[in-house]
Amino acid sequence: MASREQDAHQGTGTRSSRADLVLEGGGVKGIALAGAIEVLEERGYRFGRVAGSSAGAIAGALVAADVPAADLVGLLREIDYEKFCDGPWWTRPLVGKAVAILVRKGVHRGRYAGTWLAEQLAEHARPADASRPFTFADLPYQDPEGEAPDRPVGDRESSEDAAASRLVVTASDVTAGRLRLLPRDAGKYGMTAADLPVAEAVRASTAMPFFFRPVRWATSQGRRAYLVDGGMLSNFPVGVFDRADGALPRWPTFGIKLSARPPADPAPVNRIRGALSYALALLDTLIGARDRMHIDDPHVQARTIFVDTSFVKPTQFDLTDEDREKLYRTGRQAAIDFLDGTATREGWDFARYVRTYRAGAAG
C-alpha cells in the first residue's frame, strides 16, 4: 500500500483524493489555515501542489514538505509570534520607527520567519543533502498522470524545474512593479529552483511593507531588486494552478481565505470622510482590486473555504492562548461547513462544481 507521503508527492491516490491548495496570507492568522487543512486531510485529501502568500506561504511550505496537518497545527500554535518583531531597541518609540522606515525602509528586520521556517524544514523535511539549505528542488512535482508541467497562460520564461515545483510562493517585486511566483520567476534573479532556499522566498513573501524591511536580491542583469509581501499584489493567487489549455480540471484546487464569505450585496469596503481616508482608500483599491475581482467570480467562491478571522489583526503578535484556539477552531469549522454544507449552502461536490462552472468554458 502506498504511504501517505507517496500519495501526496507522486499522486498515486485516486483523483477524488487529490487536490491542490492555495492559501491566503494574514499575518499571525496562520493557525486558522492549519485548522482548515487538518479537516481536509482528515477527509482524505492529499495535496500535490500548494501556493501561498505571507502566512499562507509559511503554512504552504510545510504542507508541500509533507508535514502532517496535526504537526502543522502544533507548530503554528507554539510559534512565538512576538519574535517576529525583531527590530533594534531604538525602534520601540514612534520616532525610532519613523527613522527605521526612512533609513531601512522598514521597522523590523524580518529575519525570524525565514529562520524559523528553515529550522522546521531541516527537522521535519530534511533535504537530500543536509549540508545545504532546503530549496525548491527538494519539492519536486511529478504529474500523477504524466502530463508536462503546466504554466500560466503566456508564461514562456520559467524553466521546467521551476514549473515542476510542488510549492509556489508569491512575492511583490516593487522595483519591477511585478508579482513574482517563486520559483517560477527565479530566473529573473539569476537563480534556479535548486539555488533558491524555500525559507528565503518565504521571508520575502512575509515582508509586510514598512513593518518589515524589504528583501534585497540582485536581478539576472545585476540590478538591485526589492521584494516585499506577496499580498501587496495578490494575497490570494487562487488561479495559479488552473490549467492553461482550458481543459477541465482533473481534481479540485481549494482556496482557503482568511475572511468571511462576501455578501451578495457587499457594503462599501472603504468609507471616505476626508483627504486621509481618501488616500488610504486609493491605496487599498490598488492593493486589493485584483483579489476582489477573483472573489467576485462565482467559481472562485464555490471552491474557497472562507474563514472569518476578523477578530484578530494580522499584526497582533501578542496572541493569547484563547486567540490561538479560536483561530484554530474557526478554521476547522469553516472547512467542515464547506465540505458538508450548511442550512443555506450545499456541501462540496467536485462533479457539480465542474458541471456548473467549468464545463462550458472547456467546451
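**View 1. Phe210 sits exposed, with a relative accessible area of 53%.** For the cut-offs, exposed means over 50% relative accessible area, buried means under 20%, and partly exposed is what falls in between, using a 1.4 Å probe and protein chains only. The residue belongs to strand β6, residues 210-212. Helices (H or I, at least four residues) and strands (E, at least two) are DSSP runs, numbered from the N terminus. Take a look at the backbone here: phi of Phe210 is near 75 degrees, a positive value in a residue that isn't glycine.

A word on the model before the other views: it is a predicted one, where local features need pLDDT of at least 70 and side-chain atom pairs count only at pLDDT 80 or more, while totals for chains, interfaces and linings use all residues. Residues are numbered from 1 along each chain as its sequence is written, and side-chain values use heavy atoms, with hydrogens and water left out.

**View 2. The whole chain has 12 helices and 12 strands.** Half of it is tucked away: 50% of the 363 residues count as buried. Contacts (heavy atoms within 4.5 Å) often reach a long way along the sequence. Of those between residues at least 6 apart, 74% join residues at least 24 apart. As for confidence, pLDDT is the predictor's own score for each residue, from 0 to 100. The chain averages 84, and 81% of its residues reach 70 or more. Residues 1-13 are where to be careful, with pLDDT below 50, though the model gives this stretch 26 contacts beyond near neighbours in sequence.

**View 3. Helix α2 (residues 30-42) packs on helix α11 (residues 321-340).** Two packed helices are described by the angle between their axes and the distance between the axes. For this pair, the angle is about 40 degrees and the axes are 7 Å apart. Axes are lines fitted to C-alpha atoms, for helices over the stretch in contact, and angles run from 0 to 180 degrees between N-to-C directions. That makes α2 and α11 oblique to each other; angles under 35 degrees count as roughly parallel, over 145 as roughly antiparallel, 65 to 115 as roughly perpendicular, and the rest as oblique. The crossing is right-handed, which means the near helix is turned clockwise from the far one by less than a right angle, whereas anticlockwise would be left-handed. On the α2 side, the residues are Ile31, Ala32, Gly35, Ala36, Glu38, Val39, Leu40 and Glu42; they meet Arg324, Leu327, Tyr328, Gly331, Arg332, Ala335, Ile336 and Leu339 of α11. Sorted by class, that contact has 10 nonpolar, 2 polar and 4 charged residues. Here Ala, Val, Leu, Ile, Met, Phe, Trp, Tyr, Cys and Pro count as nonpolar, Asp, Glu, Lys and Arg as charged, and the others, Gly among them, as polar.

**View 4. Leu339 of helix α11 is buried, at 12% relative accessibility.** Val39 is 300 residues away in sequence, yet the two C-alpha atoms are 9.2 Å apart in space. Skip the neighbours within four places in sequence, and Leu339 is in contact with Val39, Leu40, Arg43, Tyr45, Gly347 and Trp348.

**View 5. Helix α6 (residues 112-124) crosses α8 at roughly 150 degrees.** Their axes come within 8 Å, and the crossing is right-handed. Gly114, Leu117, Ala118 and Leu121 from α6 meet Val198, Ala199, Val202 and Arg203 from α8. That splits into 6 nonpolar, 1 polar and 1 charged residue.

**View 6. α3 and helix α4 (residues 69-78) pack at about 145 degrees, their axes 10 Å apart.** This crossing is right-handed too. Ala59, Leu62 and Val63 of α3 make the contact with Leu72, Leu75 and Leu76 of α4; by class that is 6 nonpolar, no polar and no charged. In the loop between α3 and α4 sits Ala65, which is buried, at 11% relative accessible area. Beyond neighbours within four places in sequence, Ala65 is in contact with Leu121, Ala125, Phe134 and Leu139. The C-alpha atoms of Ala65 and Leu167 are 8.8 Å apart, with the two positions 102 residues apart along the chain.

**View 7. Two loops have backbone details to look at: a cis peptide bond joins Leu182 and Pro183, and Ser54 has a positive phi.** Omega of the cis bond is about 15 degrees, and Pro183 lies in the loop between β5 (178-182) and α8 (198-205). Ser54 has phi of about 55 degrees despite not being a glycine. The loop that holds Ser54 runs between β2 (46-52) and α3 (55-64), and the residue is buried, with a relative accessible area of 5%.
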